[in-house]
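Me: I'd like to learn how to read a structure feature by feature. Could you walk me through one?

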Amino acid sequence: MKSINTDTSDLAFLVRHWGRTKQITGPDGQGTLSGQFKKLLEEVGELGEALMEDDATEIIDAIGDCAVVLILLADMKGLRFEECLRDAYDVIKTRKGRMEGGVFVKDA
């Protein structure tokens with residue numbers, strides 16, 4: 001079996017293909033933006049539980065699940081997850097700020 005390249009854009013492509021195959025997105029897609037948002041909240045809740053339990057396996061699973069939902073949500077809006085991520089990085093890459101209570105707080 002041929003090994004697949006697993007960089008972010010290849011994985012996002014595979015997730016988008018999966019979403020269409022499962023009829024979440026695409027021309028036959030039955031997913032809704034509100035449904036995907038609810039799914040994202042569910043996955044974030046699972047991430048919170050995994051973090052509180054310090055369960056590395058579940059943390060990895062939950063972060064991946066959040067990314068899958070975000071990729072599909074972007075696709076439903078006609079956006080590319082990779083472009084959203086790039087745009088976010090372009091905004092934060094020169095951001096100045098400080099750490100407060102374990103959280104980065106950007107300067108005004």
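**Reading the model together**

Reply: Let's start with a single side chain: Lys39 is partly exposed, as its relative accessible area is 32%. Keep in mind that this is a predicted model.

Me: Which residue forms a salt bridge with Lys39?

Reply: The general idea comes first: side chains of opposite charge can pair when their charged atoms come close. Here, Glu43 is the partner of Lys39, with 3.5 Å between the closest N and O atoms. Both residues sit in helix H2 (residues 33–53), four residues apart, which is about one turn of the helix.

Me: Is Glu43 buried or exposed?

Reply: Glu43 is buried, because its relative accessible area of 5% falls under the 20% cut-off.

Me: How many salt bridges does a search of the whole structure find?

Reply: The search finds seven. One of them joins Lys93 to Asp90, with the closest N and O atoms 3.4 Å apart. Lys93 is partly exposed at 48% relative accessible area, and Asp90 also counts as partly exposed, at 37%. Another links Glu100 with Arg98, where the closest N and O atoms are 2.7 Å apart. Salt bridges with shared partners also tie Lys39, Glu42 and Glu43 into one network.

Me: Where is the pairing of strands in this chain, and in which sense does it run, parallel or antiparallel?

Reply: Strand S1 (residues 97–100) pairs with strand S2 (residues 103–106) in the antiparallel sense, over four bridges. Glu100, which you met in the salt bridge with Arg98, stands opposite Val103 in S2. The hairpin has two residues between its strands, and Gly101 takes a positive phi near 60 degrees there.

Me: What pattern does the protein chain follow along the sequence?

Reply: Read along the sequence, the pattern is α-α-α-α-β-β, from four helices and two strands. The C-alpha trace spans about 45 × 35 × 35 Å along its principal axes.

Me: How should I read a nonpolar core, and which residues make up the largest one?

Reply: As a general idea, in soluble globular proteins nonpolar side chains tend to be buried together. In this model, the largest nonpolar core has seven residues: Ala12, Val15, Ile24, Ile71, Leu72, Ala74 and Phe81. H1 and helix H3 (56–76) each contribute at least two residues to this core. H3 gives the largest share, with three residues.

Me: What does Val15 touch, leaving out residues up to four places away in sequence?

Reply: Val15 touches Val68, Ile71 and Leu72. Val15 is found in helix H1 and is buried, with a relative accessible area of 16%. The C-alpha atoms of Val15 and Val69 are 9.1 Å apart, although 54 residues separate them along the chain. With the same sequence neighbours left out, Ile24, another member of the core, has contacts including Trp18, Gln36, Leu72 and Met76.

Me: Where does Ala62 lie, and which residues are in contact with it once neighbours within four places are set aside?

Reply: Ala62 lies in helix H3 and is in contact with Glu43, Glu46 and Leu47. Glu43 is thus a residue you already know from the salt bridge with Lys39. Ala62 is buried, with a relative accessible area of 1%. From Ala62 to Leu51, eleven residues away in sequence, the C-alpha to C-alpha separation is 9.7 Å.

Me: What about a charged residue such as Glu82: is it buried or exposed?

Reply: Glu82 counts as buried, at 12% relative accessibility. Glu82 belongs to helix H4 (residues 81–92). Beyond neighbours within four places in sequence, its contacts are Thr8, Ser9, Ala12 and Arg16. Ala12 is also part of the largest nonpolar core.

Me: Which residues form a nonpolar patch on the surface?

Reply: Leu11, Phe13 and Leu14 do, with about 270 Å² of accessible area together. Leu14 lies in helix H1 (residues 8–21) and is partly exposed, with a relative accessible area of 36%.

Me: How do I read burial and surface for the whole protein chain?

Reply: Of its 108 residues, 20% count as buried. The accessible surface comes to about 8100 Å², and 58% of that belongs to carbon and sulfur atoms. For contacts between residues at least 6 apart in sequence, 47% join residues at least 24 apart.

Technical notes
Residues numbered from 1 in each chain as written. Predicted model: local features only at pLDDT ≥ 70, side-chain atom pairs only at ≥ 80, totals over all residues. Heavy atoms only, no water. Patch = residues over 30% accessible without salt bridge, like charges linked within 9 Å, V, L, I, M, F, W, Y side chains within 5 Å. Areas by Shrake-Rupley, 256 points an atom, 1.4 Å probe, with all protein chains shown as cover. Salt bridge = Lys/Arg side-chain N within 4 Å of Asp/Glu carboxyl O. Buried < 20%, exposed > 50% of the residue type's maximum accessible area, 1.4 Å probe, protein only. Pairing = 2+ DSSP bridges. Contact = heavy atoms within 4.5 Å. Core = buried A, V, L, I, M, F, W, Y, C linked by side-chain atoms within 4.5 Å.
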